[in-house]
Amino acid sequence: MPQTFAPRHAGTLATSVLILGAAVVLPQTLGLFTLLQLTVYAVMAILALSLSITWGLGGVLCFGQAAFFGLGGYTYAVAVTNFGESTLPILLAVLVQALVALCLGWFMFMGRLSDLYVGVVTLCTSLILFNFANSTSDPWYRIGSAALNGFNGMPAIRGINIPFLPGALLSPVQSFVLTMLALLAVYLLCKTIAGSSWGRVVAATRQNPLRAELMGYDTARVKLGIFVIGSAVAGFAGCLFVNWNGFVSPDVFGLSMSAQIMIWMIVGGRETFVGPIVGAFALQALVSRLGVGSEINANVVLGGLLMIFVVLVPRGILPTVRDGLLSLGRKWGPGKTREVN
Amino acid sequence: MLNTENLVVRFGGVFALGGVDFAMTKGEVHCLVGPNGAGKSTFFKVVTGQIAPTSGRVSLGGSDITGEGSAQIVRRGIGIKMQTPQLFDDMTVEDTIWLGAYRGRGKAHARRRTAELLDELRLGEVARAEVGKLAHGLRQRVEIASVLAGDPELILLDEPAAGMSDADVDFLAALILRLRGQHSFLVVEHDMRFIRMIADRVTVFHNGKIFLEGRSDAVLSDQGVKDIYLGKGKAHA
Ligand SMILES: Nc1ncnc2c1ncn2[C@@H]1O[C@H](COP(=O)(O)OP(=O)(O)OP(=O)(O)O)[C@@H](O)[C@H]1O
Ligand SMILES: [Mg+2]
């Protein structure tokens, strides 16, 4: 497998231009309904990228990415209800999740849990949160002026406003632009990490933790670092989701949430960062199509797709297509690309 | 510089190490020999913190390092090439060596050291190749380069010549002799020709214990040692 996380400036630039272009052009060409749909797809693409950081880059198999997504949503909801302004709540959605991941990760990585147990612990964390959030219907469960409302969820949550101007709430179109810009920022964050010296150490830890350790790298700390970053980004996605939805309920912690994220990643291709973005957009579009005529169960289709990909296209769409094109280019392209072996 | 005191490692009912008192001094090229299952690799793993000893102590340069983690021990100045290759298969040769040099020393040093080692180990041709796609002998050399990159005082090599051509073995022996001023070497090997080329002293392991230790020529010509290799060791042990 090629070192696909290495920075490829051409690809990065093209992707950035594409995202930026979509943020500028689409509001002028698409209707509000489609824009709203694309907004939530972009939120989920950010969530997929958060798992790209934790799992794709760091090799930390996190089965409970929804825990941080959901907590990010609830953190934002509670904070914005109390403050009546969104700037600090957005920061809190990110910082609180970084802190939660630091505590959980400290126990998992410094305790040298095996990869499998890390998966189990993160999965259990999201399930515990799901159950807990469901059991908070009693009015006693409130933080400041925000009641958690159990399985009914928290309705009518304030959206994002222009920083420190509570009166200037973003319109749906502005929210779309903001979400696309956030997607771009997170994508560039991923590329920056992967291209940095520390990113190389992260890749080394993922590929062979023993060798990394025998080079003197503290692999537990490396994994903890990447876990904190990935979780913080998931928290950010949760906050954007609540901004889109105006509502948050325990479903954000659900098992199907965590599973979906992994499916987007696997189908799109987890070795790249564009893959999970494409996977998130394409599969959500597919599911919403299927949802219209309700004869077909969307979950069955998703499960089937996952199996097909795992067996037939194990590396996912993006890496497979790219390597296919590269090898075609090598066959017919002008002069062979130099390959030392 | 490296000492162990009554080192014992037990796997269930098997004593992989049954009380090893080992010592080597700075600047030495020291070889460990012994039949399969004698406990040589286990000894390396204990010294580098990959296995905690059942009892006994390990000290490096006078400080007790028993029970410390691998990364911690490595930072004290030990580098190890394991018996089974431990590399980053998707990474290039260049990046692998860079990773060995980068830790604790920064980018500028890592870049310079990588260039030096690519040259010194004649890996320039394959610098951009992925490690996983190289032939076995080359991979061994990449791993050795990545160990050297950390500039450890003490270098442990577990069967570095295994699977190498005669020319590669000669190259490796010359390299060790060239570097012996800067590092101490502890080398597990079966290849007697190689051992004769490099070793100052030789320690013979047998059934988890030290059978004999001494100057290279004396140990290698010892009749008891020859018998162990032919499977008659028990009579002399
Ligand atoms: N993880 C383990 N669990 C149980 N037994 C082990 C383990 N590792 C090694 N052993 C046993 O300990 C003994 C010593 O093994 P070791 O690998 O140290 O031998 P060695 O001298 O390196 O042999 P070789 O020349 O074949 O590499 C053997 O009997 C082996 O089966
Ligand atoms: Mg061995």
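In the hairpin formed by strands E4(B) and E5(B) of this predicted model, two residues lie between the strands, and Gly61(B) takes a positive phi near 50°. E4(B) and E5(B), the latter covering residues 63–64 of chain B, run antiparallel and are joined by two bridges. Within this pairing, Ser59(B) stands opposite Asp64(B).

Strand E4(B) also pairs with strand E1(B): five bridges join them, and they too run antiparallel. Here Leu2(B) has Leu60(B) of E4(B) as its bridge partner. The two pairings are set out below.

| Strands | Bridges | Direction | A facing pair |
|---|---|---|---|
| E1 (residues 2–11) and E4 (residues 55–60) of chain B | five | antiparallel | Leu2(B) and Leu60(B) |
| E4(B) and E5 (residues 63–64) of chain B | two | antiparallel | Ser59(B) and Asp64(B) |

A further element of chain B is helix H4, which spans residues 107–120. H4(B) has 14 residues and reaches 20 Å from its first C-alpha to its last, close to the 20 Å expected at 1.5 Å a residue. The buried residues of H4(B) are His109(B), Ala110(B), Arg113(B), Thr114(B), Leu117(B) and Leu118(B). These residues lie on the same side of H4(B), because they cover an arc of only 155° around the axis. In general, an α-helix has 3.6 residues a turn, so residues three or four places apart point the same way.

The buried residues of H4(B) pack against two helices of chain B, H3 (93–102) and H5 (136–149). On the other side of H4(B), by contrast, Ala108(B), Arg111(B) and Asp119(B) are exposed. Arg122(B) follows H4(B) and has a positive phi, near 50°.

How values were computed:
Residues are numbered from 1 along each chain as its sequence is written. Chains are lettered from A and ligands numbered from 1 in the order in which they are written. This is a predicted model: local features need pLDDT of at least 70, side-chain atom pairs count only at pLDDT 80 or more; totals for chains, interfaces and linings use all residues. Side-chain values use heavy atoms; hydrogens and water are left out. Two strands pair if DSSP finds at least two bridges between them. Helices (H or I, at least four residues) and strands (E, at least two) are DSSP runs, numbered from the N terminus. The expected span of a helix is 1.5 Å times one less than its number of residues. Buried means under 20% relative accessible area, exposed over 50%, partly exposed in between (1.4 Å probe, protein chains only). The arc is that of the directions from the helix axis to the C-beta atoms. Contact means heavy atoms within 4.5 Å.
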